Number of protein chains: 2
Amino acid sequence: MTMNHVPARAQRLPHENALLAALSSADCERLSHDLELVPLALGQVLYESGETMSHAYFPLDCVVSLLYVMKNGESAEIAVVGNEGVIGLALFMGGESTMSRAIVQNAGYAYRLKAQVLKDEFQAGGALARLLLMFASALITQMVQTAACNRHHSIDQQLCRWMLLSLDRLPSERINMTGQLVGNMLGLDLKEVSLATGVLEKAGLIHYDNGEITVLNRAAVEERSCECYGVVKKESDRLLPRAEPVHQAV
Amino acid sequence: MTMNHVPARAQRLPHENALLAALSSADCERLSHDLELVPLALGQVLYESGETMSHAYFPLDCVVSLLYVMKNGESAEIAVVGNEGVIGLALFMGGESTMSRAIVQNAGYAYRLKAQVLKDEFQAGGALARLLLMFASALITQMVQTAACNRHHSIDQQLCRWMLLSLDRLPSERINMTGQLVGNMLGLDLKEVSLATGVLEKAGLIHYDNGEITVLNRAAVEERSCECYGVVKKESDRLLPRAEPVHQAV
DNA sequence: CTTCCTGTGTTCGATATCGTACATACCACT
DNA sequence: AGTGGTATGTACGATATCGAACACAGGAAG
């Protein structure tokens with residue numbers, strides 16, 4: 001908890017988010033009045049399935065999961081979004097809501113825009129509109145891959161894929177999350193998570209202790225993961241602008 | 001081979017597709033020069049994963065599946081599109097290609113537009129642009145649901161869901177498809193399809209004979225299906241304009 | 001220190017799923 | 001009729017997955 005004297009707050013800049021960073025300075029200037037910096041806490045729900053969204057969120061250093069939650073409470077992660085993207089596609093796609101819940105998987109900061117501002121900006125059809133559509137493409141790729149992965153790959157493989165997707169959006173090699181939560185993300189029971197992490201730990205790929213997963217050997221995890229991680233990453237790189245390096249401003 | 005006694009051909013109208021039907025007569029008029037009627041054969045591949053698309057297709061009476069195909073050949077259906085939608089979202093989303101294969105699940109006719117025409121039309125930002133985005137929303141819902149369904153529901157339930165989605169896009173209660181193909185769609189082995197159809201047949205819900213599935217008791221199939229079918233249908237109804245009734249022109 | 005409580009991790013047995021192999025029906029063509 | 005190819009149905013064993021009950025830690029309150 002070294003976060004107490006968070007000097008970061010004042011220094012957070014919009015261009016820590018890849019989409020905002022890719023805007024021209026004119027576009028950025030215009031939006032800057034509407035961009036509001038907000039801290040997002042672990043577990044915070046940005047919107048609930050079927051709800052109308054009030055804002056779109058552009059993550060800076062946080063990670064947000066899109067979860068589908070069934071009537072009986074079982075859930076499944078559909079996609080992960082970090083500083084390469086935005087939460088709130090449905091706003092400009094015309095549906096106003098989606099069938100998934102957006103929940104903060106890793107605390108941090110995000111900029112947000114009021115729903116109407118984003119809609120207007122999209123309507124105007126400028127650079128942001130193009131970026132949003134590109135990101136939507138990348139997100140669809142991730143959803144498609146998730147669907148196929150859920151059908152065909154083992155829990156171990158899926159866990160590896162998930163850890164890699166998370167790591168790519170985090171500054172360190174540690175994922176701070178309880179087994180319970182990991183289970184929610186992957187639609188698993190706690191014991192299934194335990195089993196899978198146990199196997200990977202015995203193999204020396206990770207260390208798992210009380211709600212903290214440390215990846216010891218990333219290459220081996222990639223090896224063990226299914227092709228899905230690679231496909232999503234490659235397509236994401238193809239479609240999206242590169243994110244600014246995340247860290248320590250001067 | 002003359003088409004002389006195929007009266008259907010001449011009578012196929014753009015408004016058999018819900019998206020085209022929802023256009024104003026002005027929009028429709030303008031597009032009509034570019035709309036080309038094409039027959040689609042069972043098993044025809046409209047585009048291959050990763051390929052650049054040359055056209056967007058608006059199905060009239062055919063059904064098209066979006067499949068993801070793994071490196072080892074295993075496949076999984078991501079979504080089904082009939083006359084309520086269009087094939088070729090990636091064209092205007094900016095990606096140019098998607099990671100899925102579009103394959104004709106039920107033969108019939110479609111209108112198609114050259115890629116550039118669709119892109120220009122979308123750029124112009126008129127009614128068609130809004131409809132395309134709405135349809136994209138509905139398709140995303142279907143993909144999300146597929147991902148969750150693959151994670152949590154049994155093969156029986158998934159088969160029921162799949163049959164219902166197909167029936168909604170077909171004029172009769174019969175689905176003409178070999179078990180092999182059904183397997184491809186759902187990412188199953190032939191024997192798993194056999195097993196599942198066997199169970200449903202014993203229960204009197206369907207009759208399955210030599211590549212033809214007849215649904216005998218639709219209500220019971222809905223009962224047995226998971227919640228996924230209902231969610232997709234409801235969301236689809238919410239977002240999309242109603243399709244014209246499919247059949248006999250005057 | 002004890003008790004409760006919540007979150008966490010483990011064990012065991014039931015069931016679903018999947019790989020392999022083999023048996024059968026139908027159709028088209030020679 | 002005979003032959004090959006495609007579609008289908010069945011059986012058995014190996015795993016993976018999942019449900020239910022049990023076991024353990026640590027913090028808060030008494």
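**Protein-DNA and protein-protein surfaces**

In the surface near DNA strand C, α9(A) accounts for the largest share, with four residues. The model is a predicted one. Around DNA strand C there are 15 residues, of which T178(A), G179(A), Q180(A), K191(A) and S154(B) come nearest. At least two residues each are supplied to this surface by α8 (179-186) and α9 of chain A and by α9 of chain B. By class, the residues near DNA strand C comprise three nonpolar, eight polar and four charged.

DNA strand D is surrounded by 16 residues, and those that come nearest are I155(A), T178(B), G179(B), K191(B) and G211(B). For this strand the largest share of the nearby surface comes from α9(B), which gives four residues. The elements that each supply at least two residues to the surface near DNA strand D are α9 (190-202) of chain A and, from chain B, α8 (179-186) and α9 (190-202). Four nonpolar, eight polar and four charged residues make up the surface near DNA strand D.

The two protein chains also touch each other. Their contact takes 35 residues from chain A and 35 residues from chain B. On the side of chain A that touches chain B, two or more residues are given by each of β5 (75-81), α4 (89-93), α6 (127-152) and α11 (227-239) of chain A. The largest share of that side, 16 residues, belongs to α6(A). The side of chain A that touches chain B consists of 17 nonpolar, 12 polar and six charged residues.

Chain A is superposed on chain B by a rotation of 180° with 0.0 Å of shift along the axis, and the RMSD is 0.0 Å. This relation is that of a two-fold axis. The same surface serves both copies, since 100% of the contact residues of chain A recur in chain B. Among the residues of chain A, A147(A) comes closest to the rotation axis, with its C-alpha at 1.8 Å.

Chain A contains an open sheet of three strands in the order β8-β10-β9, with antiparallel pairing. Its edge strands, β8 (174-176) and β9 (206-209) of chain A, each pair on one side only. From one strand to the next, the twist averages 15°. The antiparallel pairing between β9(A) and strand β10 (residues 212-215) of chain A runs over four bridges. Within this pair, I206(A) stands opposite V215(A) of β10(A).

In chain B, helix α8(B) has buried residues, namely G179(B), V182(B), N184(B), M185(B) and L186(B). One of these, G179(B), is also among the residues that come nearest to DNA strand D. The cover over the buried residues of α8(B) includes β4 (63-69), β5 (75-81), α7 (155-168) and α9 of chain B. After α8(B) comes G187(B), which has a positive phi near 70°.

Methods: Residues are numbered from 1 along each chain as its sequence is written. Chains are lettered from A and ligands numbered from 1 in the order in which they are written. This is a predicted model: local features need pLDDT of at least 70, side-chain atom pairs count only at pLDDT 80 or more; totals for chains, interfaces and linings use all residues. A residue is near a molecule or strand if its C-beta atom, placed from the backbone, lies within 6 Å of it. Ala, Val, Leu, Ile, Met, Phe, Trp, Tyr, Cys and Pro count as nonpolar, Asp, Glu, Lys and Arg as charged, and the others, Gly among them, as polar. Two residues are in contact if their C-beta atoms, placed from the backbone, lie within 7 Å. Copies are superposed by least squares on the C-alpha atoms of residues with pLDDT of at least 70 in both. Two strands pair if DSSP finds at least two bridges between them. Axes are lines fitted to C-alpha atoms, for helices over the stretch in contact, and angles run from 0 to 180 degrees between N-to-C directions. A residue is buried if 20 or more other C-beta atoms lie within 10 Å of its own, exposed if 12 or fewer, and partly exposed in between; C-beta atoms are placed from the backbone.
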